[in-house]
Amino acid sequence: MKRILILLSGALLLASCGTKSASNAENVPFATGSEVIRIEPLSWWTDMKTDLQLMVKGDNISEYEVSFDTPAIKVKGTHPGDNPNYVFIDVEIGPKAVPGTYYLVFKKGEDTFKAPYVINGRREGSADRESFTTADLIYLIMPDRFANGDPANDNAFSGNVYDDGSARAYKVPTMPDRADREKPLYRHGGDLKGIIDHLDYIADLGATALWSTPLLLDNQEYESYHGYACCDYYHIDPRFGDNALYREMVSKAHDKGIKVIMDVVTNHCGTRHWWMDDAPFKDWYHVNEPYMQMNALFSVYMDPNAAKTDLDRQESGWFVPSMPDMNLDNPFVLKYFQQWAIWWIEYADLDGLRVDTYPYNEPEPMSRWCAAVREEYPAMNIVGECWDNNIAQLAYWQTGAGNKNGFDSNLPSIMDFPLRDAMIGAMCEENVNWSEGMTRVYSVLAQDFAYADLSHMMTFFANHDHPRTGDIMNRDPRKMKMLYAMLATIRGIPQLYYGDEMMFLEREGFGNDGSKRIDFPGGWEGDKYDLFTAEGREAAGLSFAELHDYAKALFNWRKTAKVIHDGKTLHFLSRHNEYNRNITENTYGYFRYNDTDAVYVFINNESVDKNIPWSHYSEFVSGPVKGRDVVTGSAIVLSDDTVVPAKSALVVEFKR
């Protein structure tokens, strides 16, 4: 009877928790630090479409047989790397697996040890999550320069243990790059707590999505603040916080109606990445001896006349000497990055991805990367940084492009660099000739036929890689307002760079990237002005408050302006100057419209007041029209008598 009771007890325990098996890992000792150094992904979930492949690092770990301590999770196969310290394990999580902590059991003769692995329950509706769309305004920040909510983490020290979402302790490595706000290329101390503290500011501005430059560990010895030289793909940099705090930030952003987009880098890592001295395969990254710089020649992918040597340099050359180029042609590297993106989406409950330096990746593997992410999350929007001012070449990278060579990127969205350059160029020109001034914007939008999906174009006039727009505009707030008006009304998904809503300027006296990526005043204790508050903006000067309020009015109006989200565009070329036909008026008029509503936008970049040419639009609308100025809220009649002041924009909504 006693034996029967023991058997029944074991069966009930197995049924309830799914963590026991015939192998019985209870008496197996835990792995030491050197026996199992890393397991990635850190954890996984039930009911996922993506097949799980674990990468395990440990001393000669590939020599061990491996199994799970439950029949609900099976090891389908193992693959040693070129390096015996790695093994890749294909795992099947069966339908009977329930959330809990399981154990990987490693055995070689009499030598046996185990390591915990967490299987989580998936959020309800996770696969069907929505993503960012034309209805959103994306606010881009550099976290190190946004706000310092926790000065205690400005310089993280080795040995501290941070929560990383797994059952294993994560100890912080040594941090050589220190915080010093007086030096533009050093860390300044902005962090996740600072973002959380100012989510209300972002929401109040009218932004509905937040894109942060990378928050993962960048442990380079110098200039690590930007985050693009990743040294650990599964851990938030401790100078920003930890994985749990990142997840909390996403949750609190959602509470404010703000989606969160993660900036991911698949093309390169940093030279201080933990695998650089002990990589799984000889071709895990492109070995670069002697050093070979990439050529930034995106045309080689579509050029039928391209030399192979140019293609090889584009695919295999390093971005810069501190950023080794990953080899996505290695299927284990590709699988690693596919799972990594999916892990962060599921773990942190993300709403979208932005891919850095997209055309520097190997095109076919990156197409499969995008496909894998969207197989798990069909509505997930991914925007690629394809920094190309040639419209035909830019269009090549958007899924559905119908490229002659048959390539399809599976990348839904692309960043509209040609439009950005046209808007900036137009604002900087006076007494323009035929193709200059606002005609630049007209000419770029005239080529919209080249793109597969206009609703998946990210529009912007600046990001973290550009000079400060206020400096380019010669500190003219009138030009900033015209840029806001275009950003709020032109087709696509708009993105605003932090501080441009108040014409932030470059820090004088340095002239480097760090001086353009300035601290947000008010984000640090002791700052003279707090520009996160209305009182601080008023105290700092009229232009800060005026620009902020103008942008806020536009972007909050845009949130519910469906005609802007989904409407068509009709635009009209500026007329020739009546006194000199070689000179074109530096103005631009266009409509966004659907069957019931319309928005009229007139950009007057002239140095004199202009009457709108209302009669010129007779094919779309005839006679005076009553509408509402979306910035002031005032009623207005649109006609040939309507005057738009010099260097200003008019945005009016009306019923058709």
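**Exercise 1. The barrel**

Task: In what order do the 8 strands of the barrel close, and what is the sense of their pairing?

Solution: In this predicted model, the barrel is closed by 8 strands in the order β9-β12-β15-β16-β17-β18-β19-β20. Their pairing is parallel. From one strand to the next, the twist averages 25 degrees.

**Exercise 2. The neighbours of β9**

Task: How many bridges join strand β9 to strand β12, and how many pair β9 with strand β20?

Solution: Take β12 to begin with. Strand β9 covers residues 138–141 and strand β12 residues 209–212; 4 bridges join them, and the two run parallel. Within this pairing, Leu 140 has Trp 211 as its bridge partner, and Ile 141 stands opposite Ser 212.

Now take β20, residues 493–497. Its pairing with β9 is also parallel and has 3 bridges. Here Tyr 139 has Leu 496 as its bridge partner.

**Exercise 3. The side chains of β9**

Task: Which residues of β9 point one way and which the other, and are they buried or exposed?

Solution: Start from the general pattern: side chains in a regular strand alternate between the two faces of the sheet. In β9, Ile 138 and Leu 140 point one way, while Tyr 139 and Ile 141 point the other way. All of these residues are buried.

**Exercise 4. Two aromatic pairs**

Task: Classify the ring pair of Tyr 233 and Phe 337, then that of Phe 319 and Tyr 360.

Solution: The model has 65 aromatic pairs. For Tyr 233 and Phe 337, the ring centres are 5.0 Å apart and the planes stand at 90 degrees, so this pair is edge-to-face. Tyr 233 lies in strand β14 and Phe 337 in helix α6, 104 residues apart, so to speak of distant parts of the chain is correct. Tyr 233 has a relative accessibility of 1% and therefore counts as buried. Phe 337, at 0%, is buried too.

Phe 319 and Tyr 360 are also edge-to-face, with 5.2 Å from centre to centre and 85 degrees between the planes. Phe 319 is in the loop between α5 and α6, and Tyr 360 in the loop between β16 and α7, 41 residues apart. With a relative accessible area of 23%, Phe 319 is partly exposed; Tyr 360, with 11%, is buried, because the cut-off for buried is under 20%.

**Exercise 5. Charges over rings**

Task: Over which rings do Lys 114 and Arg 187 lie?

Solution: The charged end of Lys 114 sits over the ring of Tyr 103, 4.6 Å from the ring's centre. Arg 187 lies over the face of Phe 240, at 5.3 Å from the ring centre.

Technical notes. Residues numbered from 1 in each chain as written. Predicted model: local features only at pLDDT ≥ 70, side-chain atom pairs only at ≥ 80, totals over all residues. Heavy atoms only, no water. Pairing = 2+ DSSP bridges. Axes fitted to C-alpha atoms, helices over the stretch in contact; angles between N-to-C directions. Phe/Tyr/Trp six-rings, centres within 6.5 Å; stacked < 30°, edge-to-face > 60°. Buried < 20%, exposed > 50% of the residue type's maximum accessible area, 1.4 Å probe, protein only. Lys NZ or Arg CZ within 6 Å of the ring centre and 35° of its normal.
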